[in-house]
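Student: I have a model open and would like to understand the labels people attach to it. Could we go through the reasoning together?

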Amino acid sequence: QVQLVESGGGLVQPGGSLRLSCAATGSRISINAMGWYRQAPGKQRELVAGITSGGSANYADSVKGRFTISRDNAKNTVYLQMGTLKPEDTAVYYCNAEVRIVGTLINDYWGQGTQVTVSS
């Protein structure tokens with residue numbers, strides 16, 4: 001069974017920073033792309049940043065230059081370093097991973113979500 005366990009959300013003032021982490025657990029797994037999505041109240045879930053197994057990253061225009069995605073393949077963990085946070089970054093952030101369990105097809109997995117609130 002594959003699980004994505006997120007941590008690092010919280011309340012931060014505008015201009016502040018937060019770091020999110022997401023660890024994938026399970027046996028006999030290999031992970032392709034990983035990413036972070038967010039969903040604000042009344043809005044659709046959107047891609048924030050993604051990263052391939054080789055380390056190539058892409059970002060939503062709204063976070064370019066402020067957020068950095070990275071991963072540690074040895075730990076099956078993806079990180080999102082968020083800086084210069086704005087109130088409009090407030091949302092529930094979800095981790096996503098494309099995971100192959102040995103002998104099966106690739107499936108999408110999601111974390112439980114972590115709340116990020118940017119407010120003074």
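Tutor: Gladly; we will take a few labels in turn and set each value against its definition. Keep in mind that this is a predicted model.

Student: What makes C22 and C95 a disulfide?

Tutor: Their sulfur atoms are 2.1 Å apart, and the cut-off is within 2.5 Å, so the pair qualifies. A search of the whole structure finds one disulfide.

Student: Why is the disulfide of C22 and C95 called left-handed?

Tutor: The torsion about its S-S bond is about -80°, so the disulfide is left-handed.

Student: Which parts does the pair tie together?

Tutor: C22 belongs to strand β3 and C95 to strand β9 (residues 91-101), so parts 73 residues apart in sequence are tied together. Both C22 and C95 are buried, which means that each has under 20% relative accessible area.

Student: How do you know that β3 pairs with β8?

Tutor: A pair needs at least two bridges, and strand β3 (residues 18-25) shares six with β8, in the antiparallel sense. One bridge matches C22 with V78 of β8.

Student: And what makes β7 and β8 a pair?

Tutor: The test is again at least two bridges; strand β7 (residues 67-72) is joined to β8 by six, running antiparallel. F67 has M82 as its bridge partner in β8. In the hairpin of β7 and β8, four residues lie between the strands, and N76 takes a positive phi near 50°.

Student: Why is β8 described as largely enclosed?

Tutor: In strand β8 (residues 77-82), five of the six residues are buried, so the rest of the structure largely encloses this strand.

Technical notes
Residues numbered from 1 in each chain as written. Predicted model: local features only at pLDDT ≥ 70, side-chain atom pairs only at ≥ 80, totals over all residues. Heavy atoms only, no water. Buried < 20%, exposed > 50% of the residue type's maximum accessible area, 1.4 Å probe, protein only. Helix = DSSP H or I, 4+ residues; strand = E, 2+ residues; numbered from the N terminus.
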